[in-house]
Amino acid sequence: MNPYDVLGVSKDASDQEIKRAYRKLSKKYHPDLNHEPGAEEKFKEVNEAYEILSDPQKKAQYDQFGTTGGQQGFGGGQGFGGFDFGGSGAGGFDFGGSGAGGFEDIFSSFFGGGQSRNNNGPRQGRDLQYEMHLTFEEAIFGKKTEIKYTREENCKTCSGTGAKPGTSPVTCSKCHGRGFIQVQRQTPLGRMMSQQECDVCHGTGKEIKEKCSTCHGSGHVNEQHAIEVTVPAGVEDGNQMRLSGQGEAGVNGGPYGDLYIYFSVAPSDKFKRDGADIYLSLPISFVQAALGDEVEVDTVHGKVKMKIPAGTQTGTTFRLRGKGAPHLRAGGNGDQRVTVRIETPKNLNKKQREALKAFADSMGEDPSGDDSFFERWSKNKKTKRKK
Ligand code: ZN
Ligand code: ZN
């Protein structure tokens, strides 16, 4: 696009001439006044041309390089031209709605609200985030639950237009329907032109003369929204689920945003979980380990019998096939892994101690317990003296 050609002025036209040409053409092609096909495109082109030629920096840049960098005419000036945070826009980064607007704030300062040149068209509403707390078991088996949250919904009185019923919004007089205006600002890198959301239409490109009394012209109202959510069996801590269209109402008739549900799963005091596999540590006595036994083991699916073979060592892991959590996508269950831990008996009575000593004897062992240590030590001394 050659801005001089678009405005029909020569390269050495004065600011006054440029302004005059722009006024004439923008009036001629204004979408409210001119309904011929192509008029709107022409109107946009005229605006883009004027954006360049009315800005000394951009004009100089164009004169020198034949371009101002921003391919779309969405320049925003130095460096930011190529970005397009439009369409669903900053919404992708702005979780939390009214809450954490951190990213949005950053974008606002750099990109003038993250608006693209298309922002006066239908725009999808913002995405919302909802944190759902689940117990260890709920995450494994899933559940159906109703959640409630506040979101912006389309105003029913005006069907989301923001205009008093019986009236309709008109093209914004300040930004001519573009939704943004050019502003010059001082930055550490010098003066920059950047785009800012139009303060009259708040980026919609439409001005509402008679506002809807319910929503005061915003087209949106905050409403308590309730939906039933089916938590799939097998979700894990940190998993997220997207519910399309359950976010906030769109702008200019755009679709609702999405709701992201984040699952926060409480730990179990018994089990550990890694994906579909569940881990359990099982204490057994050394007699059970030595002689073998059949024990009852807790699983999330109830108690299960498990055989402990004779001669089991501490730290041995047994697998209970299919007793884990469901695989979220693949179907079927993971396993439960049971690691046995041999517990050494404490506080033995005399009879038990003797039984163990007899056992040790039969193994050819001669353990020296604490109570016999001194006795044995003095015995050894005597033996040594005899020599
Ligand atoms: Zn309304
Ligand atoms: Zn406006």
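Ser-159 sits in the loop between β2 (143-154) and β3. In this predicted model, its phi is near 55°, a positive value in a residue other than glycine. Most residues other than glycine have a negative phi. Is Ser-159 buried or exposed? With a relative accessibility of 61%, Ser-159 counts as exposed, because the cut-off for that label is over 50%.

Asn-252 tells a similar backbone story: phi here is also near 55°, again positive in a residue that isn't glycine. You'll find Asn-252 in the loop between β8 (240-243) and β9 (259-265). At 26% relative accessibility, Asn-252 is classed as partly exposed.

Now for the metals. Here are two zinc sites side by side:

| Zinc ion | Coordinating atoms | Distances | Angles between donors |
|---|---|---|---|
| Ligand 1 | Cys-155 (SG), Cys-158 (SG), Cys-212 (SG), Cys-215 (SG) | 2.2 to 2.3 Å | 105 to 116° |
| Ligand 2 | Cys-172 (SG), Cys-175 (SG), Cys-198 (SG), Cys-201 (SG) | 2.2 to 2.3 Å | 104 to 117° |

What arrangement do the 4 donor atoms around the zinc ion (ligand 1) make? It's tetrahedral, because their angles run from 105 to 116°, and the label asks for all angles to lie between 85 and 135 degrees. For four tetrahedral donors, the ideal angle at a metal is 109.5 degrees. Along the chain, the donors of ligand 1 follow the spacing C-x2-C-x53-C-x2-C. Two of these cysteines are tucked away from solvent probes: Cys-212 is buried, with a relative accessible area of 1%, and Cys-215 is buried too, at 6%.

The zinc ion (ligand 2) is also held in a tetrahedral arrangement, with donor angles of 104 to 117°. Its donor residues are spaced C-x2-C-x22-C-x2-C in sequence. Within this set, Cys-172 and Cys-201 link distant parts of the chain, 29 residues apart. Cys-172 is in the loop between β3 (170-171) and β4 (180-187), while Cys-201 is in the loop between β5 (190-197) and β6 (206-207). Both Cys-172 and Cys-201 are buried.

Lastly, a helix pair. The axes of α3 (residues 39-53) and α4 (residues 56-65) come within 6 Å and cross at roughly 95°, so α3 is roughly perpendicular to α4. Which residues make the contact? From α3 come Glu-51, Ile-52 and Leu-53, and from α4 come Lys-58, Lys-59 and Tyr-62. Sorted by class, that contact has 3 nonpolar and 3 charged residues, with no polar ones.

How values were computed: Residues numbered from 1 in each chain as written. Chains lettered and ligands numbered in written order. Predicted model: local features only at pLDDT ≥ 70, side-chain atom pairs only at ≥ 80, totals over all residues. Heavy atoms only, no water. Donors = N, O, S within 2.8 Å, 3.2 Å for Na, K, Ca; no water. Tetrahedral: all angles 85-135°; square planar, octahedral: opposite > 155°, others 65-115°. Buried < 20%, exposed > 50% of the residue type's maximum accessible area, 1.4 Å probe, protein only. Helix = DSSP H or I, 4+ residues; strand = E, 2+ residues; numbered from the N terminus. Axes fitted to C-alpha atoms, helices over the stretch in contact; angles between N-to-C directions. Parallel < 35°, antiparallel > 145°, perpendicular 65-115°, else oblique. Contact = heavy atoms within 4.5 Å. Nonpolar A, V, L, I, M, F, W, Y, C, P; charged D, E, K, R; others polar.
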